[in-house]
Amino acid sequence: DTFGVARQQLSGLPEQLTIIDQEGQADAKLRYVESIGAERTVAVGNGRNDRKMLAAAALGIALIQEEGLAAETLRNADLLATSAQDALDLLANPDRIRATLRA
């Protein structure tokens with residue numbers, strides 16, 4: 001929640017919002033993903049502080065947005081999307097994910 005708008009943007013939705021403190025974010029985000037079950041978690045992010053949670057999650061989606069994308073975070077992701085909406089659309093269409101990640 002870098003810009004402090006997550007709570008407002010998610011108001012009215014059936015969600016549980018957890019905002020991680022600024023201090024030691026990369027490790028804190030990793031611990032959070034592990035605590036909720038990394039093997040069943042989709043993580044989305046673009047900052048260097050997101051790299052560890054993207055690597056640990058069952059599916060890590062890196063976002064390249066106006067502020068850019070940390071290269072180390074991209075290396076730890078399974079997929080790349082151009083917006084949070086595009087990332088959510090991928091989840092709504094699992095065949096797209098399978099097509100992208102097939103070996």
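**Exercise 1. Work out how the side chains of strand 1 are arranged, and which of them are buried.**

Step 1. Look along strand 1: its side chains alternate, with A43 and G45 pointing to one face and V42 and V44 to the other. A43 and G45 are buried, while V42 and V44 are not. Here, buried means under 20% relative accessible area, exposed means over 50%, and partly exposed is in between (1.4 Å probe, protein chains only). Helices (H or I, at least four residues) and strands (E, at least two) are DSSP runs, numbered from the N terminus.

Step 2. Before going on, know what you're looking at: this is a predicted model, where local features need pLDDT of at least 70, side-chain atom pairs count only at pLDDT 80 or more, and totals for chains, interfaces and linings use all residues. Residues are numbered from 1 along each chain as its sequence is written, and side-chain values use heavy atoms, with hydrogens and water left out.

**Exercise 2. Find how strand 1 and strand 2 pair, and describe the surroundings of strand 2.**

Step 1. Strand 1 and strand 2 run in the parallel sense and pair over four bridges. For two strands to pair, DSSP has to find at least two bridges between them. Within this pairing, V42 stands opposite L59 in strand 2.

Step 2. Now check burial in strand 2 (residues 59-63): five of the five residues are buried, so the strand is largely enclosed by the rest of the structure.

Step 3. Sort the side chains by direction. L59, I61 and L63 go one way, G60 and A62 go the other way, and all are buried.

**Exercise 3. Check the length of helix 2 and list its buried residues.**

Step 1. Helix 2 has twelve residues, and at 1.5 Å a residue it should span 16 Å. The expected span is 1.5 Å times one less than the number of residues. The end C-alpha atoms are 16 Å apart, which agrees.

Step 2. The buried residues in helix 2 are Q25, A26, A28, K29, L30 and V33. An α-helix has 3.6 residues a turn, so residues three or four places apart point the same way.

Step 3. Ask what covers them: helix 3 (51-56) is included in the cover.

Step 4. Contrast R31, which also has its place in helix 2. R31 is exposed, with a relative accessible area of 53%. Its C-alpha atom is separated by 25 Å from that of I97, 66 residues apart along the chain.

Step 5. Step off the end of the helix. G37 follows helix 2 and has a positive phi, near 105°.

**Exercise 4. Decide whether T73 and D50 are buried or exposed, and trace their contacts.**

Step 1. T73 sits in helix 4 (residues 71-75). With a relative accessible area of 0%, T73 is buried.

Step 2. Leave out residues up to four places away in sequence, and T73 touches G45, N46, G47, R48, D50, R51 and L54. Contact means heavy atoms within 4.5 Å.

Step 3. D50 belongs to the loop between strand 1 and helix 3. D50 is buried too, at a relative accessible area of 5%. Setting aside neighbours within four places in sequence, D50 is in contact with K29, G45 and T73.

**Exercise 5. Do the same for two loop residues, T82 and R40.**

Step 1. T82 is in the loop between strand 3 (79-81) and helix 5, and at 55% relative accessibility T82 counts as exposed. Apart from neighbours within four places in sequence, T82 is in contact with I64 and Q65.

Step 2. R40 has its place in the loop between helix 2 and strand 1. At 64% relative accessibility, R40 counts as exposed. The C-alpha atoms of R40 and L59 are 19 residues apart along the chain and separated by 8.2 Å.
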